[in-house]
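Dear colleague,

I am handing over a structure that may be new to you. Please have it open beside this message, since the notes below go through it part by part.

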Amino acid sequence: MIWLSPVYPSPQDDAGYDISDYQGIEPVFGALEDFDALLAAVHGRGMKLVMDLVVNHTSDEHPWFVESSSGRDSPRRDWYWWRPAREGMAGGTPGAEPTNWRSFFSGSAWQYDPATQEYYLHLFSRKQPDLNWENPQVRDAVYAMMRWWLDRGVDGFRMDVINMISKDNALPDGHVGPFGAWGDGRPYYLNGPRIHEYLQEMHREVFAGRPGRFLTVGETPGCTVEEARLYTDPARGEVDMVFQFEHVQLDQGDSRWDLRPLRLLDLKASLGRWQAGLAQTGWNSLYWNNHDQPRAVSRFGDDQAYRVRSAKALATVLHLHRGTPYVYQGEELGMTNAPFAGIDDFRDIESINHYAEATSAGQPAEQVLAALRTIGRDNARTPMQWDGTAHAGFTTGVPWIPANPNHAEINVTAQEGDPQSVLHHYRALIRLRHSEPAVVHGDFTMLLPNHEQIYAFTRRLGQVELLVLANLSSRTAMADQIPDAGGWERAEVLIANSPPPEPSQHRLSLRPWEARVYRRASGGYPRQV
Ligand code: TEU
C-alpha cells in the first residue's frame, strides 16, 4: 500500500498538514486527473493507496474557518474552538489566553482575533485552527469528505493526530513543567472523553456496509498499549492499527529537543511490550521513521562506518516483528540525516519556531542547532535520491530544500543494479513477508532481553519457527545464550545482511551490525517459496 502525505490545496504552512480544500489536489503536485491516473496505475499493479486524513484541524484559509472567523454569530462559529479572554483580562494581553496550553510548534495554543475579540485554539501552528468535533455538523462534513474519496477509489486513510479530536470541554489549565511559561494540555486532549464514540461513529458512517476492504491507521501520540487495544480491537469498529510514539521518544527527555542517549535495552523493552500487548487483540504498525522523525539509520544505526549493514539490520529486525511494516521514502536506500549548517537551511515550522523560542529564551544558538540537526523533521524531508545527478534527479529546477550531498553515492540508480544494496534487502524482506506465513501470523517471543548489543526474537506458527538475530552495535557479539543454540546453529538461514561467518567463527557470533533470519520446521515442514 502507498500512503501519501497530504496532497490537497494548502498554504504549506506545515508542509500540507494545513489543508484549505479537502476535495482537491495542490497544484504544485498536479490536478485531480493526475491523481486519478496515479490511483488507476497503482490499482493496475495490484497495489493500494491511502490518503492522509487531517481533520483535527484545517488551514485558517479553509472556507470553513474563513466563515467561522467572520463574526461571532457566524453559522460556522462553533465549528472551531473560540473562547473569550480569561476572566477579567483584556484579549491579546499576556496571560489572557483561555488556557495555558502549549502548542506543539512553540508558544501558546491560542491565537487572539482582534476582529471578533476572541481566541481560537490551535494545537499546532496558528494557521492550523482545531475543528470542534463536539459539533455534529463538523463530523458529518468530515464523513461526507471521506466518502467522496472512497467513491473516487482510494483504499483508506492514515488519520493525522486522530486521538486529539476530542477535547475536555472544561478546558482546564495544564501543569506548568519544563516547558517554561506554557502548560501541558495533553491530559485534556490526548485520547479525549469522546474519542472512541467518534471513531465508532466514523466507522459506521464511512466504512460500514461499503463493499471492499479499507485500511485505517490512526496517528496517536501519547497512546498506551491499553488504549491501542481499544482503538485496534476489530470488535470495536474503530481503526485497524495505530502509530504509537514510545520507541521514537526513548532518546528524548522532557521535550523533543532534550536529547538523551538511546539504550538498546529500552528499545527492546518498549517494542517487546507492544508485541506482547497486542498479541491477542489489535495489531501493531511497525516503523523506525517517517516525515516527522529523523532518518532511521542515522538515529538507530550507524550512518558512517556501517551505513549499509546497519540499515539492513534495522530493516530485518522491524520487518520480522508481528504487525504491518511502514517504509518511509528513501529508507529503503539507507538515506541519512542531512548536513544542515545554519537555521536558514531549515524549512520545518516546528524546528524554526523552536529555534526562535529557545534562542530568545537565552539558549546558545549552536546548542539549539545541534538538536535540530539530530532530531529535526527536515532530516526526513530532503528530496528522494533517484540518481547522482544535480538535485538527485528530483528536479531540473531549484528544489524547495537542497538534496543531501551524499546522493552522489546513495541513490536508486546505483542500488537497482547492486544485489547487495539496501534496496534489494528491503525487497527480499517484503518477498519473505508475502511468502512465509510465520512472518505475518507467527507468535512473537523476545530473547536475550538484557543483552546490550543483540536484538533477538523468534516467530512461531505451527511447525515453523523463525529466529531473528541482530547485533545492533559496532562491536562483535555472541548469541550462543539463546535457547537451543545448538539446534539453531544447524538451521537454514533465510536472509542475512552479510556473508556467512568464517568456518573459524562460531556460527552464532555476530559481527558489528550483522543480522540473520533462521528458519526451522519440526516434522520437516518444507518452506513455501
Ligand atoms: O504529527 C503529529 C505529531 O505528533 C508530530 O507533529 C509531533 O508532534 C511533532 O513532530 C512534535 O514533536 C502529525 C503529522 O504527522 C505532522 O507532520 C504534522 O505536523 C502534525 O500532525 C500536525 O498536522
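**The ligand and its surroundings**

The shell of residues around the ligand is made up of nine charged, seven nonpolar and three polar residues. Please keep in mind throughout that this is a predicted model. Within the group of 19 residues around the ligand, those that come nearest are Asp14, Asp160, His291, Asp292 and Glu350.

Asp292 also takes part in a polar contact, for an N or O atom in its side chain is 2.4 Å from an oxygen atom of the ligand. Two further side chains can be described in a similar way: a polar side-chain atom of Arg256 lies 2.8 Å from an oxygen atom of the ligand, and a polar side-chain atom of His57 lies 3.0 Å from an oxygen atom of the ligand. As for the ligand itself, it exposes 480 Å² when taken alone, and the protein buries 95% of that area.

**The parallel sheet**

Turning to the strands, five of them form an open sheet with parallel pairing, in the order S1-S2-S6-S7-S8. Strand S1 (2–3) and strand S8 (241–243) stand at the edges with a single partner strand each, so one side of each is left without a neighbour in the sheet.

Within this sheet, strand S6 (residues 156–159) pairs with strand S7 (residues 215–219) in the parallel sense over four bridges, and Met159 stands opposite Gly218 in S7. Helix H1 (residues 32–44) lies across S1 and strand S2 (49–53), and the helix runs at about 135° to S2.

**The antiparallel sheet**

There is also an open sheet of three strands, whose order is S3-S5-S4 and whose pairing is antiparallel. Its edge strands are strand S3 (82–83) and strand S4 (110–113), each of which pairs on one side only.

The pairing between S4 and strand S5 (residues 118–121) is antiparallel and extends over four bridges; if you would like a place to begin looking, Asp113 has Glu118, in S5, as its bridge partner.

With kind regards

Note on methods: Residues are numbered from 1 along each chain as its sequence is written. This is a predicted model: local features need pLDDT of at least 70, side-chain atom pairs count only at pLDDT 80 or more; totals for chains, interfaces and linings use all residues. Side-chain values use heavy atoms; hydrogens and water are left out. A residue is near a molecule or strand if one of its heavy atoms lies within 4 Å of it. A polar contact is a pair of N or O atoms within 3.5 Å; within protein, one must be able to donate a hydrogen and the other to accept it, and residues adjacent in sequence count only if both atoms are side-chain atoms. Accessible areas come from the Shrake-Rupley method with a 1.4 Å probe; for residues, only the protein chains shown count as cover. Ala, Val, Leu, Ile, Met, Phe, Trp, Tyr, Cys and Pro count as nonpolar, Asp, Glu, Lys and Arg as charged, and the others, Gly among them, as polar. Two strands pair if DSSP finds at least two bridges between them. Helices (H or I, at least four residues) and strands (E, at least two) are DSSP runs, numbered from the N terminus. Contact means heavy atoms within 4.5 Å. Axes are lines fitted to C-alpha atoms, for helices over the stretch in contact, and angles run from 0 to 180 degrees between N-to-C directions.
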